[in-house]
2 protein chains.
Amino acid sequence: MRDAKAMAATPADVIEHPNAYAFVVDMPGIKGDEIKVQVENENVLVVSGERKRESKENEGVKYVRMERRMGKFMRKFQLPENADLEKISAVCHDGVLKVTVQKLPPPEPK
Amino acid sequence: MRDAKAMAATPADVIEHPNAYAFVVDMPGIKGDEIKVQVENENVLVVSGERKRESKENEGVKYVRMERRMGKFMRKFQLPENADLEKISAVCHDGVLKVTVQKLPPPEPK
């Protein structure tokens with residue numbers, strides 16, 4: 001799922017609902033308006049963002065422990081054939097992004 | 001850092017400022033009022049919370065991918081001797097909890 005060395009992946013769930021797909025991605029510490037949601041090649045959903053440490057190591061600030069991963073995050077998801085690319089919405093709450101992609105209606109029986 | 005099998009750890013940074021310590025813990029998907037911040041034995045800071053999946057697998061909902069860890073989270077941090085247990089505050093933004101513990105003033109020179 002990684003596109004380049006500098007990009008870190010972040011855990012995600014993919015849920016199929018009767019009329020839509022939901023892509024749920026953990027993005028703690030990234031504000032909603034700093035997250036990019038794009039569609040590549042008409043069938044790949046790309047979610048990306050970047051987070052930076054709040055405090056820099058200088059002027060008396062010292063990191064005693066540093067486990068949280070910083071930098072650029074990205075996840076790509078293959079979209080199913082019946083995904084409606086015109087009906088994609090995204091919300092972000094408490095550091096969790098949820099992208100909803102509606103399904104196209106099933107083809108009419110002939 | 002794990003207290004029991006069912007508890008999962010979550011990444012944290014610990015930052016020493018000139019007058020305070022900051023404990024920064026990723027807790028995506030947990031609302032601030034669902035996080036517990038406690039002090040045990042007068043020298044251990046305990047941060048805990050629980051997150052649950054939004055959608056249950058039933059009535060046409062199907063998890064295609066399930067990577068996000070759910071359940072109880074906990075982290076414990078040894079507090080330094082000069083931590084002021086009377087001056088602890090916590091804020092949560094975008095799924096990141098930040099607990100600030102002020103330092104006691106240094107002892108007066110005799």
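**Close-up views of chains A and B**

**Figure 1. Surroundings of Ser48(B) in strand 4 of chain B.** In this predicted model, Ser48(B) lies in strand 4, which covers residues 44-51 of chain B. Ser48(B) counts as buried because its relative accessible area is 14%, under the 20% limit used for that class. Leaving aside residues up to four places away in sequence, Ser48(B) is in contact with Met27(B), Glu34(B), Ile35(B), Lys36(B), Phe73(B) and Met74(B).

**Figure 2. The interface of chain B and chain A.** On each side, 36 residues take part: 36 of chain B are in contact with 36 of chain A. About 2900 Å² is buried between the two chains, and carbon and sulfur atoms give 49% of this area. On the chain B side, the residues that lose the most area to chain A are Arg65(B), Arg68(B) and Asp94(B), together 21% of what that side buries. Between chain B and chain A there are 22 residue pairs in polar contact, with both residues at pLDDT 80 or more. Strand 1 (12-16), strand 2 (20-26) and strand 5 (62-66) of chain B each contribute at least two residues to the side that touches chain A. By residue class, that side of chain B has 16 nonpolar, 6 polar and 14 charged residues.

**Figure 3. Strand pairing between chain A and chain B.** Strand 1 of chain A, residues 12-16, is joined to strand 5 of chain B by 4 bridges. The two strands run antiparallel. Within this pairing, Ile15(A) has Tyr63(B), in strand 5 of chain B, as its bridge partner.

**Figure 4. Salt bridge of Asp94(B) with Lys31(A).** Side chains of opposite charge can pair when their charged atoms come close. In the pair shown, the closest N and O atoms are 3.2 Å apart. The contact crosses between chains and joins two loops: Asp94(B) sits between strand 7 (83-93) and strand 8 (96-103) of chain B, and Lys31(A) sits between strand 2 (20-26) and strand 3 (36-40) of chain A. Asp94(B) is partly exposed, with 26% relative accessibility, and Lys31(A) is also partly exposed, at 43%. Asp94(B) is one of the three residues of chain B that lose the most area to chain A.

**Figure 5. Salt bridges between Glu67 and Arg75 of opposite chains.** The side chains of Glu67(B) and Arg75(A) meet at 2.8 Å, N to O. Glu67(B) belongs to the loop between strand 5 and strand 6 (71-78) of chain B, while Arg75(A) belongs to strand 6 (residues 71-78) of chain A. Glu67(B) is partly exposed, at 32% relative accessibility. Arg75(A) is buried, because its relative accessible area is 3%, under the 20% limit. With the chains exchanged, Arg75(B) and Glu67(A) form a salt bridge, again at 2.8 Å, N to O.

**Figure 6. A salt-bridge network and a pair within chain B.** Salt bridges link Asp13(A), Asp26(A), Arg51(B) and Arg68(B) in a network. Arg68(B) is also among the residues of chain B that lose the most area to chain A. Within chain B, the side chains of Lys87(B) and Asp84(B) meet in a salt bridge at 4.0 Å, N to O. Asp84(B) is buried, with 10% relative accessibility. Over all chains the count is 18 salt bridges, and the count between chain B and chain A is 10.

Technical notes. Residues numbered from 1 in each chain as written. Chains lettered and ligands numbered in written order. Predicted model: local features only at pLDDT ≥ 70, side-chain atom pairs only at ≥ 80, totals over all residues. Heavy atoms only, no water. Contact = heavy atoms within 4.5 Å. Buried area = accessible area lost by both parts, 1.4 Å probe. Polar contact = N/O pair within 3.5 Å; in protein donor to acceptor, adjacent residues only side chain to side chain. Nonpolar A, V, L, I, M, F, W, Y, C, P; charged D, E, K, R; others polar. Pairing = 2+ DSSP bridges. Buried < 20%, exposed > 50% of the residue type's maximum accessible area, 1.4 Å probe, protein only.
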